[in-house]
Amino acid sequence: MINNYEAMFILQPNLSEAQGKEVFAQLDEAIIKNEGQIVTSGIWSEKRKLGHPIRKFQEGFYYLITFKAKPSAILKLRQIYKLNENILRILITSAA
C-alpha cells in the first residue's frame with residue numbers, strides 16, 4: 001500500500017547556494033532509495049524567521065517535498081534525516 005506524504009524541512013540558513021542544492025538532492029535521494037516517488041519538491045520559503053531559536057539559529061530555509069511511499073519507509077527516512085546536521089527540524093505528514 002502506497003500513501004501520499006508531505007515532508008517540510010527547516011534547514012540551516014547559512015548554507016551557500018551549492019551546499020543548498022547538495023542538501024536538497026540528498027533529501028530527494030533518500031526518498032527514492034527507500035522506494036518512494038517524489039511528486040514535487042522545492043524551496044517553500046527562503047530565510048524565514050523562526051518562532052524560537054533552533055540550535056542558536058534565528059531563521060531557516062524551508063524545503064517542501066510531496067511524495068508517495070510505503071508507510072514502512074517513513075521510519076527509515078526519519079532516521080536518515082536525523083543524521084543530517086544541516087536539517088534543523090523535519091515534519092512528515094500524511095497528505096490526502
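Start by selecting Leu-27, Ala-30 and Ile-31 in helix 1, then add Leu-77, Ile-80 and Tyr-81 in helix 2: these two sets of residues meet each other. Colour them by class and you will find 6 nonpolar residues in this contact, with no polar and no charged ones. Keep in mind as you go that you are looking at a predicted model.

**The two helices**

Now show the whole of helix 1 (residues 17–33) and helix 2 (residues 71–82) as ribbons. Two packed helices are described by the angle between their axes and the distance between the axes. Here the axes come within 10 Å and cross at roughly 150 degrees. Angles over 145 degrees count as roughly antiparallel, so helix 1 is roughly antiparallel to helix 2. Turn the view until one helix lies in front of the other, and look for the right-handed crossing of helix 1 past helix 2.

**The largest nonpolar core**

Next, select Phe-9, Leu-11, Leu-27, Phe-67 and Tyr-81. Within the largest nonpolar core, which has 21 residues, these five touch the most other members. You have already met Leu-27 and Tyr-81 at the helix contact. To see where this core comes from, colour strand 1 (3–11), helix 1, strand 3 (57–69), helix 2 and strand 4 (87–94): each supplies at least two of its residues.

Stay with Phe-67 for a moment and display what surrounds it. Setting aside residues up to four places away in sequence, Phe-67 touches a run from the start of the chain, namely Asn-3, Asn-4, Tyr-5, Glu-6 and Ala-7. Its other contacts of this kind are Ile-31, Gln-37, Ile-38, Val-39, Ile-74, Leu-77 and Ile-92. Ile-31 and Leu-77 are familiar from the helix contact.

**A second core**

Then select Met-8, Ile-54, Tyr-62 and Leu-88. They are among the 7 residues of a second core, separate from the one you just left.

**Thr-40 on strand 2**

Move on to strand 2 (residues 37–54) and pick out Thr-40. Is this residue buried or partly exposed? Thr-40 is partly exposed, with a relative accessible area of 44%. Leaving out neighbours within four places in sequence, show its contacts: Leu-64, Ile-65 and Thr-66. Place a distance label between the C-alpha atoms of Thr-40 and Leu-64, and it should read 8.1 Å, although the two are 24 residues apart along the chain.

**Last stop: Ala-25**

Finish back on helix 1, at Ala-25. Ala-25 is partly exposed, with a relative accessible area of 42%. Add a C-alpha to C-alpha label from Ala-25 to Glu-46: they are 21 residues apart in sequence and 17 Å apart in space.

Conventions. Residues numbered from 1 in each chain as written. Predicted model: local features only at pLDDT ≥ 70, side-chain atom pairs only at ≥ 80, totals over all residues. Heavy atoms only, no water. Axes fitted to C-alpha atoms, helices over the stretch in contact; angles between N-to-C directions. Helix = DSSP H or I, 4+ residues; strand = E, 2+ residues; numbered from the N terminus. Parallel < 35°, antiparallel > 145°, perpendicular 65-115°, else oblique. Left-handed = near helix turned anticlockwise from the far one by under 90°. Contact = heavy atoms within 4.5 Å. Nonpolar A, V, L, I, M, F, W, Y, C, P; charged D, E, K, R; others polar. Core = buried A, V, L, I, M, F, W, Y, C linked by side-chain atoms within 4.5 Å. Buried < 20%, exposed > 50% of the residue type's maximum accessible area, 1.4 Å probe, protein only.
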